[in-house]
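Trainee: Hi, have you got a few minutes to go through this model with me? I'd like to begin with the empty space and then move on to the packing.

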Amino acid sequence: EMIEHNLKGMKQQLAKFLKFEDEGNGAVMVNNADWFKDMNLFTFIRDVGKHITVNYMMAKDSVKRRLEGDSGLSFTEFCYQLIQGYDFYYLWKNKNCLVQMGGSDQWGN
């Protein structure tokens with residue numbers, strides 16, 4: 001329920017800038033749970049993790065800032081860049097997505 005509520009709120013905010021109702025070329029909002037729900041951790045690590053090095057991930061400004069800060073960086077947060085990168089790959093491959101909108105933490109994915 002909370003996820004659906006949050007998705008509805010995000011869509012309302014984005015609708016100020018994007019046209020969701022345009023057929024053929026309108027904005028589309030998706031939930032990555034749709035393609036991750038059947039993928040287990042080991043499959044993800046094997047198929048996705050092998051394409052990126054820890055050195056590359058550590059070089060990201062968003063990671064460096066968190067490591068230098070007081071709160072640090074959890075393993076979950078560190079791995080999130082893999083999830084974001086795979087999201088865009090999946091959308092490009094399956095939905096012909098050419099543009100992804102997101103925060104500065106997604107610029108390097």
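Trainee: How much space lies in the largest pocket?

Mentor: About 1,200 Å³ lies in the largest pocket of this predicted model. On a 1 Å grid over the protein atoms alone, a pocket is an open set of points where a 1.4 Å probe fits, with protein on both sides within 12 Å along at least five of seven lines, and lining residues have an atom within 4 Å of a point. Points are joined across faces, edges and corners, and the volume is the space filled by probe spheres set on them.

Trainee: Which residues are the closest to its centre?

Mentor: Val28, Met29, Val30, Leu91 and Met101, out of 32 lining residues. Helix 6 brings the largest share of the lining, six residues. Helix 1 (2-14) and helix 6 each supply at least two. Helices here are DSSP runs of H or I with at least four residues, strands are runs of E with at least two, and both are numbered from the N terminus.

Trainee: Any ground rules for the numbers?

Mentor: Residues are numbered from 1 along each chain as its sequence is written, and side-chain values use heavy atoms, with hydrogens and water left out. As this is a predicted model, local features need pLDDT of at least 70 and side-chain atom pairs count only at pLDDT 80 or more, while totals for chains, interfaces and linings use all residues.

Trainee: Thanks! How many helices and strands does the chain have?

Mentor: Six helices and zero strands, so the pattern along the sequence reads α-α-α-α-α-α. The C-alpha atoms fill a box of roughly 40 × 30 × 30 Å along the principal axes.

Trainee: Back to Leu91 for a second. What is Leu91 in contact with?

Mentor: Leaving aside neighbours within four places in sequence, Leu91 is in contact with Val30, Trp35, Asn96 and Cys97. Contact means heavy atoms within 4.5 Å. Leu91 also belongs to the largest nonpolar core.

Trainee: Which residues are in that core?

Mentor: There are 11: Trp35, Phe36, Phe44, Val48, Met57, Val63, Phe78, Leu82, Tyr86, Leu91 and Cys97. Helix 2 (33-36) and helix 6 each supply at least two of them, and helix 6 gives the most, with four. A nonpolar core is a set of buried Ala, Val, Leu, Ile, Met, Phe, Trp, Tyr and Cys residues joined through side-chain atoms within 4.5 Å. Buried means under 20% relative accessible area, exposed over 50%, and partly exposed in between, with a 1.4 Å probe and protein chains only.

Trainee: How many aromatic pairs are there?

Mentor: The count comes to six. Rings of Phe, Tyr and Trp (its six-membered ring) pair if their centres lie within 6.5 Å; planes under 30 degrees apart count as stacked, over 60 as edge-to-face and the rest as tilted. For Phe36 and Phe44 the centres are 5.7 Å apart and the planes at 65°, so that pair is edge-to-face. Phe36 is buried at 18% relative accessible area, and Phe44 is buried at 11%.

Trainee: And why is the pair of Tyr89 and Trp92 tilted?

Mentor: Because their planes are at 40°, with the ring centres 6.1 Å apart. Both lie in helix 6, three residues apart, about one turn of the helix. Tyr89 is partly exposed at 39%, and so is Trp92 at 46%. Phe36, Phe44, Tyr86, Tyr89 and Trp92 form one aromatic cluster.

Trainee: Is Asp87 buried or exposed?

Mentor: Buried, at 10% relative accessibility. Asp87 sits in helix 6 (residues 75-95). Beyond neighbours within four places, Asp87 is in contact with Asn32, Trp35 and Phe36. The C-alpha atoms of Asp87 and Phe36 are 9.2 Å apart, although 51 residues separate them along the chain.

Trainee: New topic: what about the phi of Asn96?

Mentor: Phi of Asn96 is near 55°, a positive value in a residue other than glycine. Asn96 is in the segment after helix 6 and counts as exposed at 57%.

Trainee: Last one: where does Gly72 lie?

Mentor: In the loop between helix 5 (61-68) and helix 6. Gly72 is buried at 18% relative accessibility, and leaving aside neighbours within four places in sequence, Gly72 is in contact with Arg66 and Glu77.
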